[in-house]
Amino acid sequence: QVLLVESGGGSVQAGGSLRLSCALFGDTYSISCMGWFRQAPGKEREGVATIDSNGRTSYAESVKGRFPISKDNPKNTLTLQMNSLKPEDTAMYYCAADYMACGKTNFGYWGQGTQVTVSS
């Protein structure tokens, strides 16, 4: 079992930056995949970025080059640095984790979400 707690959301103007953090608690040693997802009002949830236990990353095309994902294993934290933000990045952002490998998981553990609002 693992508990995820996000922080760092907020409101920013287009072109600005925000840094989202996700703290993991519990049985984190065997976590294989972590990721960030987002859901805008009226839209389906979409994957933003993932990182596996070896540090391999994958990104949605819409954020590639703007939102680097990283993890700090000793501190059990996952980070999403959001740069060059656009109004279309406005959404609730969730971190997720699972013991299964990236690409094979539907992510069994989720945080409560943090709101990101980008104004034009």
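How many of the residues of β4 are buried? Keep that in mind as you open this predicted model, and select β4, residues 33-39, to begin.

**Stop 1: β4 and its partners**

Six of the seven residues of β4 are buried, so the strand is mostly covered. Now add β5, residues 46-52. These two strands pair in the antiparallel sense, with six bridges between them. To see one facing pair, pick Met34 and look across to Ile51 in β5. Then follow the chain through the hairpin of β4 and β5, where six residues lie between the strands. Pause at Gly42 there, which takes a positive phi near 80°.

Next, select β9, residues 91-98. β9 also runs antiparallel to β4, and seven bridges join the two. Here the pair to pick is Arg38 and Tyr93, since Arg38 stands opposite this residue of β9. Leave Arg38 selected for the next stop.

**Stop 2: a network of charges**

Side chains of opposite charge can pair when their charged atoms come close. Show the side chain of Glu46 together with that of Arg38: they form a salt bridge, with the closest N and O atoms 2.6 Å apart. Is Arg38 buried or exposed? Arg38 counts as buried because its relative accessibility is 5%, under the 20% cut-off. Glu46, at 33%, counts as partly exposed.

Now bring in Arg66 and Asp89, whose side chains meet in a salt bridge of 2.8 Å, N to O. This pair links distant parts of the chain, 23 residues apart. Arg66 sits in the loop between β6 and β7, and Asp89 in the loop between β8 and β9. Both of these residues are buried. With all four side chains on screen, you are looking at a network of salt bridges that links Arg38, Glu46, Arg66 and Asp89.

For another salt bridge, move to Lys64 and Glu61, which meet at 2.7 Å, N to O. Lys64 is partly exposed, with a relative accessible area of 45%, while Glu61 is exposed at 65%. The model has five salt bridges by count.

**Stop 3: the open sheet**

Hide the side chains and show the strands again. Which strands form the open sheet, and in what order? Select β1, β3, β8 and β7: the four line up in that order, with antiparallel pairing. β1 (2-7) and β7 stand at the edges with a single partner strand each, so one side of each has no neighbour in the sheet. On average, neighbouring strands here are turned by 20° against each other, direction ignored.

Zoom in on β1 and β3, residues 18-26, which run antiparallel and are joined by six bridges. Click on Glu6 and then on its bridge partner in β3, Cys22.

**Stop 4: the largest pocket**

Finish by showing the surface and finding the largest pocket, with a volume of about 210 Å³. Its lining has 15 residues, and those lying nearest the centre are Thr28, Ile31, Met34, Lys71 and Asn73. You have already met Met34, the residue opposite Ile51. Three strands from the tour return here too: β4, β5 and β7 each supply at least two residues of the lining. Colour the lining by class and you will find six nonpolar, six polar and three charged residues.

Notes
Residues are numbered from 1 along each chain as its sequence is written. This is a predicted model: local features need pLDDT of at least 70, side-chain atom pairs count only at pLDDT 80 or more; totals for chains, interfaces and linings use all residues. Side-chain values use heavy atoms; hydrogens and water are left out. On a 1 Å grid over the protein atoms alone, a cavity is a set of points where a 1.4 Å probe fits but cannot get out, and a pocket is an open set with protein on both sides within 12 Å along at least five of seven lines; lining residues have an atom within 4 Å of a point. Grid points are joined across faces, edges and corners, and a volume is the space filled by probe spheres set on the points. Ala, Val, Leu, Ile, Met, Phe, Trp, Tyr, Cys and Pro count as nonpolar, Asp, Glu, Lys and Arg as charged, and the others, Gly among them, as polar. Two strands pair if DSSP finds at least two bridges between them. Axes are lines fitted to C-alpha atoms, for helices over the stretch in contact, and angles run from 0 to 180 degrees between N-to-C directions. Buried means under 20% relative accessible area, exposed over 50%, partly exposed in between (1.4 Å probe, protein chains only).
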